[in-house]
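Take a look at the model below before reading on. The walk goes from the overall fold to single residues and then to the ligand.

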Amino acid sequence: MTGFEFERFLDDLGPEKTIYLHDPRSGLRAILVVDNVAAGPSMGGVRMAPDITTEEVFRLARAMTLKNAGAGLPHGGGKAGILADPHTDEKERLIRSFARAIRDLGDYIPGPDMGTDETCMAWIRDEIGRAVGLPRVVGGIPLDEIGATGHGLVACAEVASEFCGLDLNGATLAVEGFGNVGRPAARLLVERGAVLVSASDSKGAIHAPDGIDVHALEEAKEETGSVTGYTRAKAVAPESLFTLPCDILIPAARPDCIHEGNVEDIRATLVLQGANIPATEGAERRLHERGILSVPDFIANAGGVICASVEFHGGNENAALEEIRGKIRRNTRQVLEASRDRGVLPREAAVALARRRVEEAMTLRRSFR
Ligand code: NAD
């Protein structure tokens with residue numbers, strides 16, 4: 001065999017750099033993929049997992065290129081993976097070792113992802129002076145605490161509802177994954193008049209056709225650790241959440257939870273993709289064919305990265321919320337208009353928009369500065 005193993009991942013956008021990191025003293029084994037930096041230094045999370053793969057990090061880095069371009073941020077996309085159990089006692093040592101290893105790779109700005117959090121980002125910044133998603137006490141905007149992605153989903157819902165003839169006031173809502181994305185999205189949509197009828201987490205799902213009191217649900221989740229602690233709703237099988245009647249469905253937990261096996265039974269009018277890749281390619285196509293509007297993940301759930309970008313550029317919480325609302329409203333409209341006018345899937349329109357922005361930025365750059 002000739003050539004490099006990573007050649008199958010290369011195309012006209014990137015990746016620009018693929019770096020494997022190994023420190024025999026700390027035990028660090030990690031990979032950094034800087035996909036594209038035409039619009040600015042790449043921004044993307046540091047994932048820590050015992051089963052992370054090279055391919056996963058390549059795909060996630062590209063997803064960040066598209067997400068950052070789709071959100072209109074002055075950042076390219078990158079992603080890092082640390083091969084380790086996120087519950088290890090050696091976590092701080094590994095994270096600090098990772099930070100020192102990427103010190104000179106200034107075209108990558110690390111953020112939190114699965115297995116890392118704002119404390120990890122504070123350790124990284126302590127080592128090398130750059131990271132986003134920092135704790136408030138060191139000048140960060142705690143994006144999960146303020147529900148950044150939830151705010152973005154609501155902005156997306158406001159615009160998308162016009163395209164599918166849905167009135168948010170009185171619309172019924174089902175949320176898979178009552179976590180950092182699903183929980184604020186549910187609360188904020190209820191404040192806009194929606195009625196939460198189903199919610200789930202890793203421990204189970206609940207359903208109440210007449211509505212769930214979202215504040216009581218938050219309390220129950222806080223006290224018992226699960227939405228199933230809310231007693232004024234019926235416990236249902238988690239898988240049924242997708243097919244119970246509702247107007248708006250927000251998958252906000254697992255990948256591929258909308259798939260060939262349940263897509264024909266989905267009854268929602270609008271799907272807001274809170275999680276990353278919550279639908280298989282085939283299922284997303286079927287939703288479109290069935291006339292169900294599904295807003296792609298990297299447009300709908302960009303609130304977190306917009307917040308991180310505002311933090312990086314010195315903005316405060318209010319500026320972040322304003323930026324999230326403005327950008328997501330604008331991008332949702334642009335994508336859905338293009339999808340409608342050209343008769344293509346919203347995802348195809350979104351990828352085209354993001355690619356156009358990256359390619360335009362690339363014309364302004366000298367290769368390998
Ligand atoms: P989280 O850990 O805060 O919440 C996830 C929730 O999903 C938890 O309540 C968990 O119990 C639940 N869950 C896990 N497995 C489940 C299952 N099988 N069925 C139902 N619920 C289940 O995570 P999060 O930050 O809310 O992220 C959720 C998704 O959104 C992920 O795909 C993440 O990559 C994506 N995302 C998050 C952000 C962000 O700002 N946090 C931004 C963009 C995308």
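This is a predicted model. Start with the domains. The assignment splits the protein chain into domain 1, made of 3-62 + 78-140, and domain 2, made of 148-303 + 330-353. Each domain is thus listed as two segments. Between the C-alpha centres of domain 1 and domain 2 the distance is 29 Å.

Now the chain as a whole. Its secondary structure amounts to eleven helices and twelve strands. The C-alpha trace spans about 55 × 50 × 45 Å along the principal axes. How does the radius of gyration of the protein chain agree with that of a compact globule? For 369 residues, such a globule would have a value near 21 Å; the protein chain has 20 Å, so the two agree. Burial can be put as a share: 56% of the 369 residues count as buried.

Two helix residues show how position in the chain relates to position in space. Take Ile 306. It sits in helix α9, which covers residues 303-312. Is Ile 306 buried or exposed? Its relative accessible area is 0%, so Ile 306 is buried, the cut-off being under 20%. Ala 71 is 235 residues away from Ile 306 along the chain, yet their C-alpha atoms are separated by 7.1 Å.

Glu 337 belongs to helix α10, residues 317-342. Its relative accessibility is 32%. Glu 337 therefore counts as partly exposed, because that value falls between the 20% and 50% cut-offs. Its C-alpha atom and that of Gly 106 are separated by 37 Å, with the two positions 231 residues apart along the chain.

Turn to the ligand. Which residues are closest to the ligand? The shell counts 21 residues, and the closest are Thr 149, Asn 180, Val 181, Ser 202 and Arg 254. Sorted by class, the shell holds six nonpolar, nine polar and six charged residues.

Polar contacts come next. The side chain of Asp 144 places an N or O atom 3.0 Å from a nitrogen atom of the ligand. Asp 201 uses its backbone: an N or O atom there lies 3.4 Å from a ligand nitrogen. Ala 253 also contributes a backbone N or O atom, 3.3 Å from an oxygen atom of the ligand. On its own, the ligand has 820 Å² of accessible area, and the protein covers 72% of it.

Note on methods:
Residues numbered from 1 in each chain as written. Predicted model: local features only at pLDDT ≥ 70, side-chain atom pairs only at ≥ 80, totals over all residues. Heavy atoms only, no water. Near = heavy atom within 4 Å. Polar contact = N/O pair within 3.5 Å; in protein donor to acceptor, adjacent residues only side chain to side chain. Areas by Shrake-Rupley, 256 points an atom, 1.4 Å probe, with all protein chains shown as cover. Nonpolar A, V, L, I, M, F, W, Y, C, P; charged D, E, K, R; others polar. Domains from an automatic or database assignment. Helix = DSSP H or I, 4+ residues; strand = E, 2+ residues; numbered from the N terminus. Rg over C-alpha atoms; globule rule 2.2 N^0.38 Å. Buried < 20%, exposed > 50% of the residue type's maximum accessible area, 1.4 Å probe, protein only.
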